[in-house]
Amino acid sequence: SDVRLSDFERISVLGHGNGGTVYKARHRRGCPAQQPLALKLFASGDLSAAREAEILRLAADAPHVVRLHAVVPSAAGGVEEPAALALELMPGGSLAGLLRRLGRPMGERPIAAVARQALLGLEALHALRIVHRDLKPSNLLLGADGEVKIADFGAGKVLRRRLDPCASYVGTAAYMSPERFDPEAYSGDYDPYAADVWSLGVAILELYLGHFPLLPVGQRPDWAALMCAICFGEAPEMPAAASEEFRDFVSRCLEKKAGRRASVGELLEHPFIAERDAADAQRSLAALVAEAEQSGDL
Ligand code: ATP
Ligand code: MG
């Protein structure tokens with residue numbers, strides 16, 4: 001199939017990232033015709049475009065992972081260096097956007113729906129030897145009915161060998177696990193998949209507190225301050241209202257030693273997730289999405 005950038009009509013901007021801009025768009029002759037989708041445009045020469053396309057193709061059947069509709073080749077580099085990716089449109093936007101529009105932190109019930117679905121996505125990705133390496137609220141997207149999907153594989157990697165060095169500084173430093181700052185110090189129990197669990201834990205806690213949890217509010221998140229807080233800082237303090245299950249869930253994700261951190265499988269069986277009506281939790285997330293939509297700008 002020869003999809004071209006000019007085949008897409010851009011409707012509005014959905015978001016900006018390091019990579020480029022994501023538009024709500026429609027394919028003029030698309031199938032199904034005219035259905036809105038998300039068009040992620042890359043700067044020319046951005047190597048993350050090809051990586052993201054490769055991973056999304058590998059993960060085409062994984063649950064809770066955003067779908068790739070088409071790869072738009074660039075004039076210079078063809079499909080090897082895509083100019084854009086046509087993605088499934090996630091109408092609720094990102095969890096970062098939801099938090100912003102709500103203007104207040106989220107409760108445990110909707111957060112459990114986020115955690116459960118993100119864990120199911122991670123479980124499938126890890127089984128395919130894919131590490132995401134950039135989990136954060138802006139890369140978790142909301143569909144209809146409180147559905148959550150993992151997006152943005154620009155920092156992702158397919159591990160060809162078990163101990164592929166993947167501690168390189170890709171992704172967003174704020175959500176990077178301690179062992180990724182200093183892989184050598186941790187080489188004994190290095191588990192590349194555990195880094196995704198840490199990032200998810202930080203993201204979950206951010207939804208609960210309403211702000212990035214590992215630095216004092218207002219402190220500039222420069223690299224040195226982040227490394228210091230992540231590798232040597234105390235575990236962030238939890239509000240007194242937090243349930244015992246939630247505290248434990250978060251602390252199992254934010255275990256500094258990768259080898260002691262909970263695995264994705266263990267977290268799916270954690271009481272915070274498992275001893276809860278999943279459909280009920282998802283409905284409470286859907287209600288928040290609906291409320292945020294009322295408040296206007298997406
Ligand atoms: P960054 O490097 O900042 O993480 P990026 O350039 O890799 O970002 P994405 O994270 O893929 O780009 O997308 C940026 C934003 O665009 C998201 O946070 C989200 O708000 C919006 N967005 C991306 N994909 C979709 C989609 N499929 N449906 C709806 N919104 C989307
Ligand atoms: Mg992103």
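This tour proceeds from the ligand to the strands, the core and one helix of a predicted model.

**The ligand**

Begin by selecting ligand 1 together with the residues around it. The shell consists of 23 residues, and the closest are Gly-15, Gly-17, Gly-19, Ala-38 and Asp-152. Colour this shell by residue class: 11 of its members are polar, 9 are nonpolar and 3 are charged. Next, display the strands. At least two shell residues come from each of β1 (8–16), β3 (36–41) and β6 (93–94).

**Strand β3 and its partners**

Keep β3 on the screen. Is this strand enclosed or not? Of its 6 residues, 5 are buried, so β3 is largely enclosed by the rest of the structure.

Now add strand β2, residues 21–27. It runs antiparallel to β3, and 5 bridges join the two. Select Tyr-23 to find the residue opposite Leu-39 of β3.

Then add strand β5, residues 84–87, which is joined to β3 by 4 bridges, again in an antiparallel arrangement. Here Leu-39 stands opposite Ala-86 of β5.

**The nonpolar core**

Leu-39 and Ala-86 lead into the next selection. Both belong to the largest nonpolar core, a set of 86 residues, and are among those with the most contacts inside it, as are Leu-85, Val-114, Ala-118, Ile-204 and Cys-253. Which helix gives the largest share of this core? Select α5, residues 194–209, which contributes 10 residues.

Return to Ala-86 and show its contacts. Leaving aside residues up to four places away in sequence, Ala-86 touches Val-3, His-27, Leu-37, Leu-39, His-69, Ala-70 and Val-72.

**A sheet of three strands**

Select β6 once more, the strand that supplies residues to the ligand shell, and add β8 and β9. These form an open sheet in the order β6-β8-β9, with antiparallel pairing. The edge strands are β6 and β9 (148–150), each of which pairs on one side only. Strand β8, residues 140–142, is joined to β9 by 3 bridges. Within this pair, Leu-140 stands opposite Ile-150 of β9.

**Helix α3**

Finally, select residues 108–127, which form helix α3. How far apart are its end C-alpha atoms? They are 28 Å apart, which agrees with the 28 Å that 20 residues should span at 1.5 Å a residue. Because 15 of the 20 residues are buried, α3 is largely enclosed by the rest of the structure. Just after the helix, select Arg-129, where phi is positive, at about 65°.

Methods: Residues numbered from 1 in each chain as written. Chains lettered and ligands numbered in written order. Predicted model: local features only at pLDDT ≥ 70, side-chain atom pairs only at ≥ 80, totals over all residues. Near = placed C-beta within 6 Å. Nonpolar A, V, L, I, M, F, W, Y, C, P; charged D, E, K, R; others polar. Expected span 1.5 Å × (residues − 1). Buried ≥ 20, exposed ≤ 12 C-beta atoms within 10 Å, placed from the backbone. Core = buried A, V, L, I, M, F, W, Y, C linked by C-beta atoms within 7 Å. Contact = placed C-beta atoms within 7 Å. Pairing = 2+ DSSP bridges.
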